[in-house]
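Trainee: Could we take a close look at a single part, and then follow it outward into the rest of the fold? I would like a careful account rather than a quick tour.

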Amino acid sequence: MVAVKIRGLPYQIRFEEIGDFFREHRYIQKSVILGVGADGRKNGFGSILFEDPETALMAVKDLDGKYIGQRYAEISVLSYGDYLRFNGP
């Protein structure tokens, strides 16, 4: 498995909105993680998991630089290990 990191998310983003953004790509359902800062609030980062690297790379190619709501999103590949530690120390 491999993940995609999303930078530039609106702070009020919902899990469903990220799923809609990636709807054309086969992502693992309920795998969205939203970044949380030290203060416990969303920090504009997120991650979503894919079963194979090819699908993740295609999502990056198709969606990097697109808008989620009013925000420009930067998307890059993230390893599965980094996905598991996404909000960790």
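Trainee: Where is Leu 84 found?

Mentor: Leu 84 is found in helix 3 (residues 80-84); helices here are DSSP runs of H or I with at least four residues, strands are runs of E with at least two, and both are numbered from the N terminus. This is a predicted model, in which local features need pLDDT of at least 70 and side-chain atom pairs count only at pLDDT 80 or more, while totals for chains, interfaces and linings use all residues. Residues are numbered from 1 along each chain as its sequence is written, and side-chain values use heavy atoms, with hydrogens and water left out.

With a relative accessible area of 57%, Leu 84 is exposed (over 50%; buried is under 20%, partly exposed in between, with a 1.4 Å probe and protein chains only). Together with Met 1 and Tyr 80, Leu 84 makes a nonpolar surface patch of about 320 Å², the area coming from the Shrake-Rupley method with a 1.4 Å probe. Such patches take residues with over 30% relative accessible area and no salt bridge, joining nonpolar side chains within 5 Å and like charges within 9 Å.

Turning from the surface to the interior, the largest nonpolar core has 20 residues, and Val 4, Ile 6, Ile 18, Phe 22, Ile 48, Phe 50 and Ile 75 touch the most other members; a core joins buried Ala, Val, Leu, Ile, Met, Phe, Trp, Tyr and Cys residues through side-chain atoms within 4.5 Å. Strand 1 (2-7), helix 1 (15-21), strand 3 (42-50) and helix 2 (53-63) each give two or more residues to this core, and the largest share, four residues, comes from helix 2. Another core, of five residues, lies apart from it and includes Ala 3, Leu 49, Leu 78 and Phe 86. Beyond its neighbours within four places in sequence, Val 4 has contacts (heavy atoms within 4.5 Å) that include Phe 22, Ile 48, Phe 50, Ala 56, Val 60 and Ile 75.

Helix 2 also holds Thr 55, which counts as buried because its relative accessibility is 10%. Among residues over four places away in sequence, Thr 55 touches Arg 26 and Phe 50, and its side chain makes a polar contact with that of Asp 52 at 2.8 Å (N or O atoms within 3.5 Å, one able to donate a hydrogen and the other to accept it; residues adjacent in sequence count only if both atoms are side-chain atoms).

Asp 52 and Arg 26 in turn meet through their side chains in a salt bridge, 3.5 Å from N to O (a Lys or Arg side-chain nitrogen within 4 Å of an Asp or Glu carboxyl oxygen). This pair links the loop between strand 3 and helix 2, where Asp 52 lies, to the loop between helix 1 and strand 2, where Arg 26 lies, 26 residues apart. Arg 26 is exposed, at 61% relative accessible area.

The whole structure has six salt bridges, and another of them joins Arg 7 to Glu 74, with the closest N and O atoms 2.8 Å apart. Arg 7 lies in strand 1 and Glu 74 in strand 6 (residues 74-78), so this pair ties together parts that are 67 residues apart in sequence. Arg 7, at 43%, is partly exposed, and Glu 74 counts as partly exposed at 36%.
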